[in-house]
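Open the model in your viewer and keep the sequence panel beside it. This tour goes from one selection to the next and says what is found at each stop.

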Amino acid sequence: MSDKKQPKLVVIITESVIETTLLTDLEVLGVKGFTISDVRGRGHRGTRAGEWGIDGNIRIEIVCGESLSDQILAFLEQKYYDNYAMITYCSDVSVIRPEKFLG
Amino acid sequence: MDPIILFFLLGLIAALLRSELRLPPAIYEFLSVLLLLTIGLKGGVELATQPMSTLLPQMVAVIVMGFVLPLLSFPLLLKLGRFKRADAASLAAHYGSVSVGTFAVAVAYLGHQQIEYESHMPLFVVLLEVPAIIVGIILAKGITRETNWKALAHETFLGKSIVLLLGGLLIGWAVGPSGVEPLSGLFFNTFKGVLALFLLEMGLITAQHVSSLRKYGIPLILFGLGLPLASACIGALLGNLLGLSVGGTTVLATLAASASYIAVPAAIRTAVPEANPALSLAASLGITFPFNVLVGIPLYHRLALQISGTPL
C-alpha cells in the first residue's frame with residue numbers, strides 16, 4: 001500500500017464556542033464527514049469543565065486521506081492556534097472501505 | 001433575606017470548599033430555558049396592556065443607553081485600567097450588555113419586598129442585550145471587512161437568550177393573560193424554585209471564576225465593582241427621567257449594572273478572538289454577578305428611592 005493510500009484519523013480538540021465557524025472552514029477544505037463529541041479536560045488555558053456553554057470543549061474526528069489531513073492541520077494552525085484553545089493530532093488508521101475516505 | 005440568595009451562597013461555599021457537587025449541564029440548560037421563557041411570557045402578557053405611545057420613547061431611550069454604556073467604560077478601561085485594546089473592548093461589551101440571571105434576582109427581590117414595578121421590563125432586557133456587543137466589536141476592530149457581520153448578526157440576534165426571551169414575549173403578547181393561565185403551573189408557580197436551583201449552579205460557576213481572579217489583580221476587581229455602580233446611577237437616572245416607578249427604576253439600574261456572561265462571551269469569542277475570555281468572565285462572573293446579587297440590588301433600590309425623592 002503506497003503512502004497516499006493510508007487513511008488518517010485527524011482529531012481536533014477545541015472550544016465548543018467556535019464549532020459553527022470551524023465546521024464551515026472544514027467543509028470548504030473538503031471534509032465530507034466527521035464525528036463530534038462534547039468533552040472535558042485541562043490544558044494550559046485552564047480547566048475546561050464543560051459544565052456550561054462558554055467553557056465547553058468539543059472533539060472532532062475526521063477520517064480522510066493524507067493530503068487532506070495535511071491541509072487541515074496547516075490551516076488550523078494558521079487560523080486558530082494563536083487565539084483559541086486547540087490541539088490536533090493525526091494518526092494512521094485501518095478502516096473498512098478505505099475508498100470511502102480517500103476520495 | 002430572600003431564600004434564593006442562600007442557594008447562591010450554598011453553591012458558592014460548596015465549590016470554594018471543593019465539594020463534589022455539580023449539576024448536570026443539561027439541567028442547567030433546562031433551568032435557563034425555563035427562566036428565559038417565564039420572564040418573556042410575563043412581560044408579553046403585560047405588553048398587550050401598554051399603549052405604544054408610552055412604550056416607544058422608553059424603548060428608544062433604553063437602546064441608546066445600551067450603546068452609550070460601553071462607549072463610556074471603554075476609555076476608562078483603556079486609560080485607567082491599562083487593559084489591552086481587545087480586552088478593554090470585550091469588558092466594555094460585557095458590562096454594557098445584561099445578565100438575565102441578575103434581572104431574575106432583582107424581580108424576585110422586588111416581589112419579596114412587595115414593591116410594584118412596570119411589568120414590561122423584560123422588553124428592556126431584550127433591547128439591552130445586543131447594542132453593547134456591536135459597540136464592543138467595533139471598538140476592538142474598527143469597521144473592517146475582516147469582521148463577518150452577517151454571521152455575527154445571526155449569532156447575536158438568534159442567540160438562545162434573545163430567541164427565548166423574545167419568543168416568550170410574543171407568545172405572551174399574542175395569547176394574553178387568559179391564554180397563559182394553563183401554563184402557569186410550569187412557568188409562573190415554579191419561578192422561585194427554578195431560580196433557586198439556577199442560583200445554586202451560578203454559585204458553583206462563580207466560585208471557579210473567583211479562584212482565577214488572583215491572576216488578574218486589583219485593577220480588574222476595582223472595575224468589576226466600580227463599573228456596575230457607575231452604570232447603576234445612569235440606569236436609575238434614566239428610569240427616573242422616563243417616569244418609571246421606584247420598582248421599575250430599580251430594575252433599570254440593575255440591568256445597567258449587570259454584566260453579561262452568556263451572550264456576549266460567545267459573540268466576542270468568535271468576533272474578537274485576541275481578547276482574553278477568562279479575563280472578562282472573571283470580572284463578570286467572579287466579581288460583578290455575586291456583587292449585584294448579594295449587595296447591588298438592595299443598593300440600587302435605595303438609589304431609586306433617593307432619586308425619586310421618596311423618604312427612605
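In which segment of chain A is A:Arg97 found? Select A:Arg97: this residue is found in the segment after β6 of chain A. Its phi is near 60 degrees, a positive value in a residue other than glycine. Most residues other than glycine have a negative phi. A:Arg97 counts as exposed because it has 8 C-beta neighbours inside 10 Å, and the cut-off for exposed is 12 or fewer. Keep in mind throughout that this is a predicted model, with scores of ipTM 0.75 and pTM 0.88.

**Chain A as a whole**

Now color chain A by secondary structure. Two helices and six strands make up its secondary structure, and along the sequence they follow the pattern β-α-β-β-β-β-α-β. Of the 103 residues in this chain, 23% count as buried. Take the contacts in chain A between residues at least 6 apart in sequence: 71% of them join residues at least 24 apart.

**Strand β6 and A:Thr88**

Select residues 86-92 of chain A, which form strand β6, and pick out A:Thr88 within that strand. A:Thr88 counts as partly exposed because it has 18 C-beta neighbours inside 10 Å, while buried would take 20 or more. Leaving out residues up to four places away in sequence, A:Thr88 touches A:Val10, A:Val11, A:Ile12, A:Leu73 and A:Leu76. Draw a distance from A:Thr88 to A:Val11: the two are 77 residues apart in sequence, yet 5.5 Å apart in space, C-alpha to C-alpha.

**Strands β2 and β5**

Next select residues 35-39 of chain A, strand β2. Are its five residues buried or hardly covered? The strand is hardly covered, and the count of buried residues in it is zero. Add residues 57-64 of chain A, strand β5: five bridges join the two strands, which run antiparallel. To see one of these pairings, show A:Thr35 in β2(A) with its bridge partner in β5(A), A:Glu61.

Move on to A:Gly65, in the loop between β5 and α2 (66-79) of chain A. A:Gly65 is partly exposed because 18 other C-beta atoms lie within 10 Å. From here, draw a distance to A:Tyr81: the two residues are 16 apart along the chain, and their C-alpha atoms are separated by 23 Å.

**Chain B: confidence and annotation**

Switch to chain B and color by pLDDT. The mean is 91, and 99% of the residues reach 70 or more. Confidence in this chain is lowest in helix α8 (residues 149-157), at a mean of 79, and highest in helix α12 (residues 246-257), at 97.

An unreviewed UniProt entry annotates several stretches of chain B as "transmembrane region", including residues 161-180 and 186-204. Select each in turn. Residues 161-180 are 100% helix and 0% strand, with end C-alpha atoms 20 Å apart. Residues 186-204 are 74% helix and 0% strand, and there the end C-alpha atoms are 25 Å apart.

**Helix α12**

Return to α12(B). Its end C-alpha atoms are 16 Å apart, which agrees with the 16 Å that its twelve residues should span at 1.5 Å a residue. Twelve of its twelve residues are buried, among them B:Val246, B:Thr250 and B:Leu255. What covers them includes α3 (52-79), α5, α6 (121-129), α11 (217-241) and α14 of chain B.

**Helix α5 and the residue after it**

Of those covering helices, select α5(B), residues 100-112. This helix has 13 residues and reaches 18 Å from its first C-alpha to its last, close to the 18 Å expected. Eleven of the 13 are buried, including B:Phe103 and B:Tyr109.

Just after α5(B) comes B:Gln114, in the loop between α5 and α6 of chain B. Its phi is near 55 degrees, a positive value in a residue other than glycine. B:Gln114 counts as exposed because it has 7 C-beta neighbours inside 10 Å.

**The nonpolar core**

Finish with the largest nonpolar core, which has 127 residues; B:Leu35, B:Ala89 and B:Leu195 have the most contacts inside it. Helix α14 (residues 277-308) of chain B supplies the largest share of this core, 13 residues. Center the view on B:Ala89. Leaving aside neighbours within four places in sequence, B:Ala89 is in contact with B:Phe74, B:Gly136, B:Leu139, B:Ala140, B:Val272 and B:Ala275.

Technical notes. Residues numbered from 1 in each chain as written. Chains lettered and ligands numbered in written order. Predicted model: local features only at pLDDT ≥ 70, side-chain atom pairs only at ≥ 80, totals over all residues. Helix = DSSP H or I, 4+ residues; strand = E, 2+ residues; numbered from the N terminus. Expected span 1.5 Å × (residues − 1). Core = buried A, V, L, I, M, F, W, Y, C linked by C-beta atoms within 7 Å. Contact = placed C-beta atoms within 7 Å. UniProt positions renumbered as here; feature names shortened; annotations may be inferred. Pairing = 2+ DSSP bridges. pLDDT = per-residue confidence, 0-100.
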